[in-house]
Amino acid sequence: MSEGIIQPDQPETIEGEGKDLFSKFDDIIALREGLLASGQEDPFNLVMEKVLSPTRAICNGRETILLGTYNYMGMTFDPDVIEAGQQALTDFGSGTTGSRVLNGTYQGHKECEEALKDFYAMDHAMVFSTGYQANLGIISTIAGKGDYIVLDIDSHASIWDGCAMGNAEVVPFKHNDIEAMEKRLKRIPEEAGKLVVLEGVYSMLGDIAPLKEMVAVAKKYGAMVLVDEAHSMGFIGENGRGVVEQAGVIDDVDFIIGTFSKSVGTVGGFCVSNHPKFEIMRLVCRPYVFTASLPPSVVATAATSIRKLMHGSNKRAHLWENSKRLHGGLKDLGFQLGTEEPQSAIIAVIMPDLEKGAAMWEALIKGGLYVNLARPPATPANMTLLRCSLCAEHSEEEVGQILEIFEQAGKDVGII
Amino acid sequence: MDRAEVDARIRELAAPFNKKGVTITEDTTFANDLEFDSLTVMDFVAEIEDEFDIIISMNQQAEIENYGQLVDAVTKLQAD
């Protein structure tokens, strides 16, 4: 029965005035305002006015060394990559205005998928509009009601969102803990479908997963395995195929998820697989179907970049040199780091708290160095981190400069 | 194992996580009364899972807000 008829159109006194759906964000608004009230430069509102190279830009009016991008292999200004993009823009126009399954698949999308199949030596490749959508789409589509997803607690947001979008039972385990993972797999009903989701490199601390052991355990319990290699592509493994290649388990994993927005140097995401029925994903995976495909220039730059990365062994070697030198240098200066040894191109410097972290970030940016400030809830164990991600194009001299800027800032802020 | 036994065991497991020494009743909530953050929840759940050899999926955890609900859920899961 409706009571509407005896109520006035408007309540006479408004309860909870000023409250609306945005009230739930009040705490985070207050936290941010508190931080900026101290005169702190906003770490989450940086504008690059001009990009000079993969490693240099003008940020907030200052020439800055970039040590917080995911441009690991420095492909963004590669002349062949740029030329391919310009040609595609001229030949195919600025965008596809359609879904991959309708009018949005051009020659360039197929060529990009061919490049991925060659890069990974796998039978199937599917290109998504972003890496986020690749995880969201594949995970939510293959693991449904009654299935189980076993995943590392430090997984990327796109993995969690993929789990939430499907209806599978979600079972997390402690970060990189092989025994905790096995215990959970063992307890799942034998007949249930199982998907284990892992990452090659965990992007917050820059540590890698013990994939050799973990993939073996997953297979022992009949689980399919999906590995996100977003932060390792082009760099880790003999052919740059990722931690799965370095660990010698690439043939045992069912799906590799990756992105074009890191080493490849543009935007987009993908999944490669040898599963014989993989192509059906193109029809049933909603984040693939119900969005526009990547612009022709983007897939052309991606395809060219991927093919060049196959021959990037010299760059890979130089990037490892950079990573080792920066890690060792920061450690010698007395900074606390996320890993004992360098395991990837990411080196995380652990800050005592958000306030000190923000102050350190500001001292670095004023000294001409951009790093990534990462804070909870994106970080494990509620840590505040300054994340440094190296590029193969950082010169030896630049790494030296980076260490000098860190030393000065660390002393000014009183962290070392 | 009956509900009282499950309750007693979970109480033991909860003690080290109950940093403020809050008196735990059936209605005590994990988020507000015990102030468990997501990491504490993960560690606490892992201890219970290992103790009873069960899985409490994230989906099931979402339904559990207070202590009484947890004891009910574990009593049911370990009997299955």
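This is a short tour of a predicted model with a chain A and a chain B, one selection at a time.

**Stop 1: the two domains of chain A**

Start by colouring chain A by its domain assignment: domain 1 takes residues 40-73 + 313-413, and domain 2 takes 79-309. The C-alpha centres of domain 1 and domain 2 of chain A are 27 Å apart. Now look at where they meet: 19 residues of domain 1 of chain A are in contact with 20 residues of domain 2 of chain A. On the domain 1 side, the elements giving two or more residues are helix 12 (313-333) and strand 13 (346-351) of chain A. Strand 13 of chain A contributes the most to that side, with three residues. Sorted by class, the domain 1 side has twelve nonpolar, six polar and one charged residues.

You can also select residues 64-404 of chain A, where an unreviewed UniProt entry places the feature "domain: Aminotransferase class I/classII large". This stretch is 40% helix and 18% strand, and its end C-alpha atoms are 14 Å apart.

**Stop 2: the nonpolar core**

Next, select A:Ile138, A:Ile149, A:Val150, A:Leu211, A:Val349 and A:Met360, the residues with the most contacts inside the largest nonpolar core, which has 139 residues. Domain 1 and domain 2 of chain A both give residues to this core, so it lies between them.

Zoom in on A:Ile138. Which residues does A:Ile138 touch, leaving aside those up to four places away in sequence? They are A:Leu226, A:Phe255, A:Ile257, A:Cys271, A:Met281 and A:Cys285.

**Stop 3: a buried strand**

One of those contacts, A:Cys271, leads to strand 12 of chain A, so select residues 269-273. Is strand 12 of chain A enclosed or open? Five of its five residues are buried, so strand 12 is largely enclosed by the rest of the structure. Turn the view to check both faces of strand 12: A:Gly269, A:Cys271 and A:Ser273 are buried on one side, and A:Phe270 and A:Val272 are buried on the other.

Now add the partners of strand 12. Strand 4 (residues 124-128) of chain A runs antiparallel to strand 12 of chain A, joined by five bridges. Strand 11 (residues 255-259) of chain A is also antiparallel to strand 12 of chain A, with five bridges. Click on A:Val272 in strand 12 of chain A: A:Ala125 stands opposite A:Val272, and so does A:Ile256.

**Stop 4: a four-strand sheet**

Move on to an open sheet of four strands in chain A, with the order 1-2-3-14 and mixed pairing. Strand 1 (48-53) and strand 14 (369-370) of chain A stand at the edges with a single partner strand each, so one side of each has no neighbour in the sheet. Select strand 2 (residues 56-59) of chain A as well; strand 1 and strand 2 of chain A pair in the antiparallel sense over four bridges. Within that pair, A:Lys50 has A:Ile58 as its bridge partner.

**Stop 5: chain B and the meeting place**

Finally, bring in chain B. UniProt, in an unreviewed entry, gives residues 1-78 of chain B the annotation "domain: Carrier". Over these residues chain B is 55% helix and 0% strand, with end C-alpha atoms 8 Å apart.

How many residues of chain A are in contact with chain B? Twelve residues of chain A are in contact with ten residues of chain B. Strand 6 (169-173) and helix 6 (178-187) of chain A are the elements that give two or more residues to the chain A side. That side of chain A has seven nonpolar, no polar and five charged residues.

Key:
Residues numbered from 1 in each chain as written. Chains lettered and ligands numbered in written order. Predicted model: local features only at pLDDT ≥ 70, side-chain atom pairs only at ≥ 80, totals over all residues. UniProt positions renumbered as here; feature names shortened; annotations may be inferred. Buried ≥ 20, exposed ≤ 12 C-beta atoms within 10 Å, placed from the backbone. Pairing = 2+ DSSP bridges. Contact = placed C-beta atoms within 7 Å. Nonpolar A, V, L, I, M, F, W, Y, C, P; charged D, E, K, R; others polar. Core = buried A, V, L, I, M, F, W, Y, C linked by C-beta atoms within 7 Å. Domains from an automatic or database assignment.
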